[in-house]
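Trainee: Could we go through this model together? I'd like to learn how each label is earned.

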Amino acid sequence: MDCEQIWINQLKGTQVLVKDFNSISNLEEVIEFSNTTKSQTLNYLQSYNSDIEKRVLEVKSKNGKTYHFPYEKVLQHIITHEVHHIGQLSVWAREIGKKPISSDLLFRQI
């Protein structure tokens, strides 16, 4: 599971989907998993409102320390992390001689 989906599920208060990435063996399975996580994220974002962004997410680290993050800050983190992945894909595309994907989030309709 990607990091962003873990955060979205924590914000929703739902169980995190656990996917053994070793069980994904072809592009169709990657697309299916991507569509599932996109759908869940879209459903959450469509229900998002100003009351939600005032809530605070409590996260316990592996060493037992507790952190508190405003929902708004977590969403900012998710967006920034997604942009990081777009950058990675662009670099890898150039490395194999392909045109990089657009990082223009306004016109990609995502």
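**How the labels are earned**

Mentor: Gladly! Let's start with helix α2, where Phe33, Thr37, Thr41 and Tyr44 are buried. Keep in mind that this is a predicted model.

Trainee: How do you know that the buried residues of α2 line one face of the helix?

Mentor: Look down the axis of α2: the buried residues fall within an arc of 65°, so they line one face. The general rule helps too: an α-helix has 3.6 residues a turn, so residues three or four places apart point the same way. On the other side of α2 you find exposed residues, namely Leu27, Glu28, Glu32, Lys38 and Gln46.

Trainee: How do you know that the span of α2 agrees with what a helix should give?

Mentor: α2 covers residues 27-47, which is 21 residues. At 1.5 Å a residue, they should span 30 Å, and the end C-alpha atoms are 31 Å apart, so the two values agree.

Trainee: What makes Asn26 a cap for α2?

Mentor: A side-chain oxygen of Asn26 lies 3.1 Å from the backbone nitrogen of Glu28, at the N-terminal end of α2. The cut-off for a polar contact is 3.5 Å, and 3.1 Å meets it, so the contact counts.

Trainee: Now the rings. How many aromatic pairs does a search of the whole structure find?

Mentor: The search finds 2 of them. In one, the ring centres of Tyr44 and Tyr48 are 6.0 Å apart and the planes stand at 65°.

Trainee: Why is the pair of Tyr44 and Tyr48 called edge-to-face?

Mentor: Ring centres must lie within 6.5 Å, and planes over 60 degrees apart count as edge-to-face. With 6.0 Å and 65°, Tyr44 and Tyr48 pass both tests, so the name fits. Both Tyr44 and Tyr48 are buried.

Trainee: And what makes the pair of Tyr67 and Phe69 stacked?

Mentor: Their centres are 6.1 Å apart, with 10° between the planes. Stacked needs planes under 30 degrees apart, so 10° qualifies.

Trainee: Are Tyr67 and Phe69 called buried, exposed or partly exposed, and why?

Mentor: Buried means under 20% relative accessible area and exposed means over 50%. Tyr67 has 34% and Phe69 has 30%, so each falls in between and is partly exposed. Tyr67 sits in strand β2, residues 66-70. Not counting residues up to four places away in sequence, Tyr67 touches Leu57, Glu58, Val59 and Ser61.

Trainee: Why is Leu75 called buried?

Mentor: Leu75, in helix α4, has a relative accessible area of 13%. That is under the 20% cut-off, so Leu75 counts as buried. The C-alpha atoms of Leu75 and Leu45 are separated by 9.7 Å, although these residues are 30 apart along the chain.

Trainee: Which residues make up the largest nonpolar core?

Mentor: There are 9: Tyr44, Tyr48, Ile52, Leu57, Val59, Tyr71, Val74, Leu75 and Ile78. β1 (56-60) and α4 (71-95) each supply at least two of them, and α4 gives the most, with 4 residues. In soluble globular proteins, nonpolar side chains tend to be buried together.

Trainee: Where do these elements sit in the whole chain, and how much of it is buried?

Mentor: From the N terminus on, the elements run α-α-α-β-β-α, with 4 helices and 2 strands. Of the 110 residues, 21% count as buried.

Key. Residues are numbered from 1 along each chain as its sequence is written. This is a predicted model: local features need pLDDT of at least 70, side-chain atom pairs count only at pLDDT 80 or more; totals for chains, interfaces and linings use all residues. Side-chain values use heavy atoms; hydrogens and water are left out. Buried means under 20% relative accessible area, exposed over 50%, partly exposed in between (1.4 Å probe, protein chains only). Contact means heavy atoms within 4.5 Å. The expected span of a helix is 1.5 Å times one less than its number of residues. The arc is that of the directions from the helix axis to the C-beta atoms. A polar contact is a pair of N or O atoms within 3.5 Å; within protein, one must be able to donate a hydrogen and the other to accept it, and residues adjacent in sequence count only if both atoms are side-chain atoms. A nonpolar core is a set of buried Ala, Val, Leu, Ile, Met, Phe, Trp, Tyr and Cys residues joined through side-chain atoms within 4.5 Å.
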